[in-house]
Amino acid sequence: MITIPYLTALSTYFSYGLLFAFGQLRDFFRKFVDWWKTNNLQGYAPICLGLEDFYIRRLYLRIQDCFGRPISSAPDAWFDVVERYSNDNNKTLKRTTNITRCLNLGSYNYLGFAAADEYCTPRVIESLKRFSPSTCSTRVDGGTTTLHNELEERVADFVKKPAAIVFGMGYVTNSAILPVLIGKGGLIISDSLNHNSIVNGARGSGATIRVFQHNTPSHLEKVLREQIAEGRPRTHRPWKKIIVIVEGIYSMEGELCKLPEIVAICKKYKAYVYLDEAHSIGAVGKTGRGVCELLGVDTADVDVMMGTFTKSFGSCGGYIAGSKELIQYLKYTCPAHLYATSISPPAAQQIISAIKVILGEDGSCRGAQKLARIRENSNFFRSELQKMGFEVIGDNDSPVMPIMLYNPAKIPAFSRECLRQKVAVVTVAFPATPLLLARARICISASHSREDLIRALEVISQVGDLVGIKYFPAEPHKQDQDQDQDQSGMKLD
C-alpha cells in the first residue's frame, strides 16, 4: 500500500479542487454563449456530457500532448518520436515532419523482440510471403493455419500446461473469456487493482463480483470465508463456482503477485485460480516462464493461465492455457474464437520464433542473455532511482517501475521536460490510477545498454529536482562515502 505524505496529499487535493472550480466557472459562462448558438440537435439528449466529459475538456485536453505520441520507428531502446504542435491550446494536435530520436522508457518491449531480430525477422518475412498479413477469416472457418496450431502447442509447452488457445488481441482474451467461464450464480473474487480487461470481463459475465485488498492474501481468505458462509444473495444457496483472479505483475504498480499464499488459500476453500501473466510471461523466471517459475509455484495449481504476446514476445494477441477439457470447451463456446478474425500469421510466426530464442532452440544463448539482462537492468535502474530519493513502487526483478508524481501539475511538467531532453516516458493519471496516485511508469528492456540507463537516470534526476518529486533524501554516492570514511580514519589516527 502506498503511503502518501500528508502535505503532498493536501496539495494534490487542492490542485484538483482548483482545476475543478475554475472549470465549472468556465462552463457556467459557456452556457450563456451557447444559448445564442443554433442547436441542430433539438430534442436529443447530449451524447457527451457529464463528469467524464468535464474531465476530458478541462483537464485531459490541456496536457494531451503528453499522451498518444506517434512514433515513426520500431519501439527499440531508442525510437523516433514525431513532433506535434497545437494552435488552439491543445484541443487539437497536428503532426509535423520533424522527428526526435529519444531513449524509449515507455514500451513493453521487455526482451527486445519488437525491433529487428537476426533470428525472428527473416522467418516473419518468409511467413508474410507464404500466408499473407491476415487469414481474413475466423478460426472455425478458414482462419486456422499450420502456424496457429504450432503456436498453441508451443505456448502450452512453454507454460507447462496440457493445452492452449490463442487470440488476436490481449485485451479481448480477458474480457471475452471470463463470461464463458462463469455466469449467473458464480462468484468472482478479484484483486482491487486488476486490469480493466478483467474488470470488464467480470462485469460482462453476470457473476457476483467481490474485491479483495490488493495483493493481500489474508483479506482474500476473509472474503472467501464470508462469501462461502453467506452463499448467493437472497437465496443463500451455494455458489456454482468461485474464481479468484490475480495478475503476475501488476502493470501500474510493478508488484509481483503473492502467488504461493494465494494458491494455498484457494486450495483450502476449493476456489479456481485465474492468473493473468500479461506482464510477467517471458520477462521473469530463470527461463522466462513467468511468476510460477520465479516464485516456485507448480503450474498444475493454477487452473487458468492467461498471458499476452504484446510484451516480451514483440507481437500481438493473447492466450489461455489450461486442461485439455477447458481449452476444448473454449474452442466451442468463446466468441473471440468463433467470431473474431484469427491472429495474423506473421504475428504468430514472431511469437514462435521468440519462444525458440528464449529456450535456446535457435542454436544460440541469446535467450538466456536477454533474460539475465532484463533482470540486471531492472534491478539496477530501480535501486538507482531509490538512491536518488524518488518514491519507486514495485518489486525487484519487475521490469515495470512507477515513479510517484501525485500532483496533477507535475504530470505534464515531468513528461515534457524529459521529452525535451530526449527521454520518452509514459505518465499515468486518473482514471487509469486513483486520483491521488499519478505516476510515471518506466518500462525497462533487455535492449537497453548500461550507457542508456545511466543517461536516463541523469535526465530523470535533473527533471526530478526541477519538478520536485524526490520525496526522500538521496543516499550519498558510494565514492563520497569512501572518502568520508578515509577522512574520518585520518582524523582518528
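The exercises below work through parts of a predicted model, each followed by a solution in steps.

**Exercise 1. The two spans from UniProt**

Task: State where UniProt places the feature "transmembrane region", and describe the chain over that span.

Solution.
- Step 1. An unreviewed UniProt entry places the "transmembrane region" at residues 6-25.
- Step 2. In the model, residues 6-25 are 100% helix and 0% strand.
- Step 3. The end C-alpha atoms of this span are 29 Å apart.

Task: Do likewise for the feature "domain: Aminotransferase class I/classII large".

Solution.
- Step 1. The unreviewed UniProt entry puts this domain at residues 101-460.
- Step 2. Residues 101-460 are 41% helix and 15% strand.
- Step 3. Between the end C-alpha atoms of residues 101-460 the distance is 17 Å.

**Exercise 2. The faces of helix α10**

Task: Find which residues of helix α10 are buried and decide how they are arranged around the axis.

Solution.
- Step 1. Helix α10 covers residues 324-333, and its buried residues are Leu326, Ile327 and Leu330.
- Step 2. Viewed down the axis of α10, the buried residues fall within an arc of 95°, so they line one face of the helix.
- Step 3. A general rule helps here: an α-helix has 3.6 residues a turn, so residues three or four places apart point the same way.
- Step 4. On the face turned away from the buried side of α10 are the exposed residues Lys324, Glu325 and Tyr332.
- Step 5. The packing partners of the buried residues of α10 are β3, α5 (170-181), β8 (304-308), β9 (318-322) and α11.

**Exercise 3. Enclosed space**

Task: Count the cavities of 30 Å³ or more and describe the lining of the largest cavity.

Solution.
- Step 1. There are two cavities of 30 Å³ or more in the structure.
- Step 2. The largest cavity has a volume of about 50 Å³.
- Step 3. Its lining includes Arg139, His148, Phe167, His337 and Ile343.
- Step 4. Strand β3 (163-167) and helix α11 (335-338) are the elements that give two or more residues to the lining of the largest cavity.
- Step 5. Sorted by class, the lining of the largest cavity has five nonpolar, five polar and one charged residues.

Task: Describe the second largest cavity in the same terms.

Solution.
- Step 1. The second largest cavity holds about 30 Å³ of space.
- Step 2. Among the residues that line the second largest cavity are Pro75, Asp76, Asn104, Cys443 and His448.
- Step 3. The classes in the lining of the second largest cavity are three nonpolar, five polar and one charged residues.

**Exercise 4. Buried or exposed?**

Task: Place Ser127, Ile355 and Gly142 in the fold and classify each by relative accessibility.

Solution.
- Step 1. Ser127 is part of helix α3 (residues 120-131). Ser127 counts as buried because its relative accessibility is 4%, and buried means under 20%.
- Step 2. Beyond its neighbours within four places in sequence, Ser127 is in contact with Ser132, Leu147, Pro345, Pro346 and Gln349.
- Step 3. Ile355 belongs to helix α12 (residues 345-358). At 1% relative accessibility Ile355 counts as buried.
- Step 4. Not counting residues up to four places away in sequence, Ile355 touches Arg154, Val155, Phe158 and Phe313.
- Step 5. Gly142 sits in the loop between α3 and α4 (146-158). With 52% relative accessibility, Gly142 counts as exposed, since exposed means over 50%.
- Step 6. Gly142 and Ser342 are 200 residues apart in sequence, and their C-alpha atoms are 9.2 Å apart in space.

**Exercise 5. Backbone features in loops**

Task: Identify the bond between Phe430 and Pro431 as cis or trans, and give the sign of phi at Ser132 and Tyr406.

Solution.
- Step 1. The peptide bond from Phe430 to Pro431 is cis, with omega near 10°. Pro431 lies in the loop between β12 (426-428) and β13 (439-443).
- Step 2. Ser132 is not a glycine, yet has a positive phi of about 80°. Ser132 lies in the loop between α3 and α4 and, at 28% relative accessibility, counts as partly exposed.
- Step 3. Tyr406 also has a positive phi, near 70°. Tyr406 is in the loop between β10 (400-404) and α14 (410-420) and, at 0% relative accessibility, counts as buried.

Technical notes
Residues are numbered from 1 along each chain as its sequence is written. This is a predicted model: local features need pLDDT of at least 70, side-chain atom pairs count only at pLDDT 80 or more; totals for chains, interfaces and linings use all residues. Side-chain values use heavy atoms; hydrogens and water are left out. Helices (H or I, at least four residues) and strands (E, at least two) are DSSP runs, numbered from the N terminus. Buried means under 20% relative accessible area, exposed over 50%, partly exposed in between (1.4 Å probe, protein chains only). Contact means heavy atoms within 4.5 Å. On a 1 Å grid over the protein atoms alone, a cavity is a set of points where a 1.4 Å probe fits but cannot get out, and a pocket is an open set with protein on both sides within 12 Å along at least five of seven lines; lining residues have an atom within 4 Å of a point. Grid points are joined across faces, edges and corners, and a volume is the space filled by probe spheres set on the points. Ala, Val, Leu, Ile, Met, Phe, Trp, Tyr, Cys and Pro count as nonpolar, Asp, Glu, Lys and Arg as charged, and the others, Gly among them, as polar. UniProt positions are given in the numbering used here, feature names are shortened, and annotations may be inferred rather than shown by experiment. The arc is that of the directions from the helix axis to the C-beta atoms.
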